[in-house]
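Visitor: I'm new to this one, so could you walk me through the words people use for it?
Guide: Happy to! Have a look first.

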Amino acid sequence: MTIRSRTLGTTGPHVSALGLGCMGMSALYGDADRAESVATVHAALEAGVTLLDTGDFYAMGHNEMLIGEALRTAPAALREKALLSVKFGALRDPDGNWSGYDGRPAAVKNFAAYSLQRLGVDHIDVYRIARLDPDVPIEETVGAIGELIEKGYVRHVGLSEVGADTIRRAAATAPIADLQIEYSLISRGIEREILPTTRELGIGITAYGVLSRGLISGHFSQDRQLAANDFRAHSPRFQGENLRHNLTLVEALRKIAEQKGVTVAQIAIAWVLSRGEDIVPLVGARTRDRLGEALGAADVTLDDADLAAIEQAVPADAAAGDRYPAAQMAHLDSEH
């Protein structure tokens with residue numbers, strides 16, 4: 001397989017064509033195997049994946065410590081190539097409940113101090129608030145990250161799930177490496193305003209949810225039972241008639257994948273890759289087998305006929321249900 005090198009925006013670091021989203025190794029998708037998670041991170045680095053994405057609130061620091069362990073036990077040559085993208089700002093209580101977001105400059109620096117310790121590194125490559133804090137101007141939050149850059153603790157400023165106006169305000173404050181945001185065949189809202197804005201400003205896109213949390217991976221079935229600690233058990237797209245409708249889209253996509261001799265997951269990831277050199281898909285593989293399948297997407301070439309067939313099978317806005325429950329959608333600046 002070939003993992004191409006890309007650049008996050010005009011000011012960002014060079015990264016591989018695919019990144020590894022590590023959230024599922026710690027939280028929100030049921031139980032995970034720690035040893036297999038570490039082995040998956042190692043396998044990704046060995047395959048040429050450089051971008052590792054985490055958040056300090058993923059299982060309240062568990063994910064950062066897991067990545068720290070994976071980096072400590074990886075060969076030095078691979079460890080040095082790893083680029084860490086870290087989200088901060090989401091507040092949680094001991095029961096795991098969500099309590100809002102904190103983008104105050106003092107909080108930004110506090111979050112960074114703990115992340116550096118848990119990860120076992122002296123700097124974070126891309127640092128971003130997970131969601132916009134409605135009570136703190138984005139200029140103040142980005143400015144605080146800029147101060148961390150001046151001191152060598154952070155390399156680049158990132159953004160996450162914000163809209164076009166916020167992107168412009170942030171970019172006027174400091175150079176922005178990339179915007180992390182959901183983008184997939186069935187989550188294409190960024191194409192209207194956000195993607196044109198980032199391209200105008202030279203800001204890259206890190207696309208998460210490229211398989212819509214497994215929904216369009218080709219591995220999800222109507223009768224699958226989800227654990228109580230699995231986010232999807234409460235996600236609108238995985239409920240009742242919504243799920244039945246969405247799986248018909250997957251079956252239409254499967255026919256195209258089979259004609260090309262690839263898997264559904266590979267064609268879905270390849271579609272995101274085809275959207276532009278400024279877009280780096282994050283794959284949320286939790287095992288080496290799923291990672292291997294995802295990385296195979298880098299070798300899938302989609303021609304005009306393929307893209308037209310995919311568009312017909314899964315048109316924009318074809319999915320049933322929002323990508324998050326209503327309470328979480330209300331916090332998304334990117335949806336306003």
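What follows is a short chat about a pair of helices and a pocket in this predicted model.

Visitor: What makes helix 5 oblique to helix 6?
Guide: Helix 5, residues 138-150, packs against helix 6 at an angle of about 40 degrees, with 9 Å between the axes. Angles under 35 degrees would count as roughly parallel, and 65 to 115 as roughly perpendicular. The angle of about 40 degrees falls in neither range, so helix 5 is called oblique to helix 6.

Visitor: How do you know which residues make the contact of helix 5 and helix 6?
Guide: Contact here means heavy atoms within 4.5 Å. On the helix 5 side, Ile 138, Glu 139, Val 142 and Gly 143 make the contact, and helix 6 brings Thr 166, Arg 169, Ala 170 and Thr 173. Sorted by class, that contact has three nonpolar, three polar and two charged residues. As for its hand, helix 5 passes helix 6 in a right-handed crossing.

Visitor: Now the second largest pocket: what is its volume?
Guide: The second largest pocket has about 540 Å³. It is lined by 25 residues, and Gly 189, Ile 190, Arg 192, Ser 334 and Glu 335 are the closest to its centre.

Visitor: Which elements give two or more residues to that lining?
Guide: Helix 6 (164-173) and strand 10 (176-182) do. Helix 6 gives the most, with three residues.

Visitor: And how do the lining residues divide by class?
Guide: Eleven are charged, seven are polar and seven are nonpolar. Asp, Glu, Lys and Arg count as charged, so Arg 192 and Glu 335 belong to that group.

Terms used:
Residues are numbered from 1 along each chain as its sequence is written. This is a predicted model: local features need pLDDT of at least 70, side-chain atom pairs count only at pLDDT 80 or more; totals for chains, interfaces and linings use all residues. Side-chain values use heavy atoms; hydrogens and water are left out. On a 1 Å grid over the protein atoms alone, a cavity is a set of points where a 1.4 Å probe fits but cannot get out, and a pocket is an open set with protein on both sides within 12 Å along at least five of seven lines; lining residues have an atom within 4 Å of a point. Grid points are joined across faces, edges and corners, and a volume is the space filled by probe spheres set on the points. Helices (H or I, at least four residues) and strands (E, at least two) are DSSP runs, numbered from the N terminus. Axes are lines fitted to C-alpha atoms, for helices over the stretch in contact, and angles run from 0 to 180 degrees between N-to-C directions. Angles under 35 degrees count as roughly parallel, over 145 as roughly antiparallel, 65 to 115 as roughly perpendicular and the rest as oblique. A crossing is left-handed if the near helix is turned anticlockwise from the far one by less than a right angle, and right-handed if clockwise.
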